Amino acid sequence: MKKSKSKSKSTPSKQQITAPSIKTFNIHGSASTKAWEFSHHLVPPMTASTTFRLHSLQRGADGFQIFADPQNNNDPIWIYDRLEEPSSKMLEEQLAKMENGEVAVSFSTGMGAISASFLAFLKSGDQVLSHKTLYGCTYSLITNWLPRYGITYTLLNVNEISAQDLKNKKVKIVYFESVANPSLEIIDIDRIAALIAKENKTRKSDDQIKMIVDNTFATPWGLRPLDHGADIVIQSLTKNIAGFGTEMGGALITSRKFLTPVLMIRKDIGATMHPHSAWNIMVYGISSQILRFEAQQKNALIIGQYLEKNNLVESVFYPGLKSFPQFELAKKLLRTPKGEFAPGTMLTFTLKGSAATTEKFINYIAKNGYTITLAVSLGLIKTLIEVPGMMTHSAVPKDKQVDSGIPEKLIRMSIGIEEPNDIIGDLEQAFNVIKKLKNNN
Ligand SMILES: Cc1ncc(COP(=O)(O)O)c(C=O)c1O
């Protein structure tokens, strides 16, 4: 008896650690999960079976019965990957914890998650009130596709909405990106949450306005919108959470009461994440996200400060620079769970001169850059550069781009984990080329 007592003391089990920090949790995950039994493994085994063996007809029927039941607390009954499967379930448990949500639902892409958030909670006759600066495909989804199903939209500056804007009973969703792509505008979530809460007091429960926040740029390390009153958070996992540019994925993180329609719509539209992607994002992405984000963020400030000093540069926007127009709001909202300022890994700038100068600069980097690649996507370990108006945001009509926070010459950079002097070296060469052009004119 005595012996076994001392043995259990010298071999503590994981369950004994009750509240690990999120940094530690991202590495180890839950000590045990109902999703899969893997007590012999250091890393959960990768599952890959589109369909599951059911030992009786009753078990099959029970599986369909309990699917998407938010109250079900029994062991899951796996049926078919498009409904739910173990690898993405484990990933979802970790994502929910990172965003301080009760549940997460994974999708094949970020756009899959965004589409599901609209399809699950809107019907014909409803209206989406959205910030006017949005990722190009989200803009296209709201302005091109939703109207076909009788769902209207209003695009405006959500930082300026008033109680009056929410009085329209058709408005069911207020949608925005916590840090807007590509303008990097910070949205004052607390203010909007307070306005929505006030309006919702006048509405019946099935008429309530939901606040949906795409938190991709900030990542859960930099901001947790659910803590500020958001109902639903979206992540494109393709970006900083997966981090290496090898996986696509999306997630919707929310409270248990919204789970059923989200799982139902995912089942029926089929935007399900592949289990291999779920496994890679969980094993490699989540475990290293904070380290990568911190290293990228450190570099982003260095590059931002370098650009600020360059006299060929017209303007630089990085939430970590004192010159950033919303520096105070950024400092208030963009905080890690430890309370440190987290201005992020993205910056934008414009060059003096015409759009042709910008094109020459970008083309030089595209051909000669070693650390900087002309490519869409963001949040990765490799530094990327692009021109949103012509690339990621080309779905926004040209005549609406400036009002949507996408000036023609805007250059967006996603900073990686390279040695910052090497990134500056690549920029320096491109600046030398346009300097020569300027001198020759
Ligand atoms: C802010 C934001 N949200 C959503 C998406 C869509 O994500 P995905 O490419 O994974 O569909 C993107 C893609 O760039 C994005 O920048």
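This is a short tour of one sheet, the helices packed on it, and the ligand site. Keep in mind as you click around that the model is predicted.

**Stop 1: the sheet.** Select residues 313-317 to show strand S8, then 372-374 to show strand S10. These are the edge strands, each pairing on one side only. Across the open sheet the five strands run in the order S8-S9-S12-S11-S10, with mixed pairing. On average, neighbouring strands here are turned by 25° against each other, direction ignored.

**Stop 2: one pair of strands.** Add residues 383-386, which make up strand S11. S10 and S11 pair in the parallel sense, over three bridges. Which residue of S11 stands opposite Ile-372? Look for Thr-383.

**Stop 3: the helices on the sheet.** Now show residues 355-368, helix H12, which packs on the sheet and touches S9, S10, S11 and S12. Its direction makes about 130° with that of S9. Next, select residues 420-440 for helix H14. This helix also packs on the sheet, touching S8, S9, S10, S11 and S12, and its direction makes about 60° with that of S10.

**Stop 4: the ligand.** Centre your view on the ligand, which has 15 residues around it. Among the closest are Ser-236 and Thr-238. Three contacts are worth displaying:

- Gly-110: a backbone N or O atom lies 2.8 Å from a ligand oxygen atom.
- Asp-214: a side-chain N or O atom is 2.6 Å from a ligand nitrogen atom.
- Lys-239: a side-chain N or O atom is 2.7 Å from a ligand oxygen atom.

Taken alone, the ligand exposes 390 Å², and the protein buries 94% of that.

**Last stop: the shell.** Colour the residues around the ligand by type: five are nonpolar, seven polar and three charged. Finally, select residues 110-121, helix H5, which gives the largest share of this shell with three residues.

Methods. Residues numbered from 1 in each chain as written. Predicted model: local features only at pLDDT ≥ 70, side-chain atom pairs only at ≥ 80, totals over all residues. Heavy atoms only, no water. Pairing = 2+ DSSP bridges. Helix = DSSP H or I, 4+ residues; strand = E, 2+ residues; numbered from the N terminus. Axes fitted to C-alpha atoms, helices over the stretch in contact; angles between N-to-C directions. Contact = heavy atoms within 4.5 Å. Near = heavy atom within 4 Å. Polar contact = N/O pair within 3.5 Å; in protein donor to acceptor, adjacent residues only side chain to side chain. Areas by Shrake-Rupley, 256 points an atom, 1.4 Å probe, with all protein chains shown as cover. Nonpolar A, V, L, I, M, F, W, Y, C, P; charged D, E, K, R; others polar.
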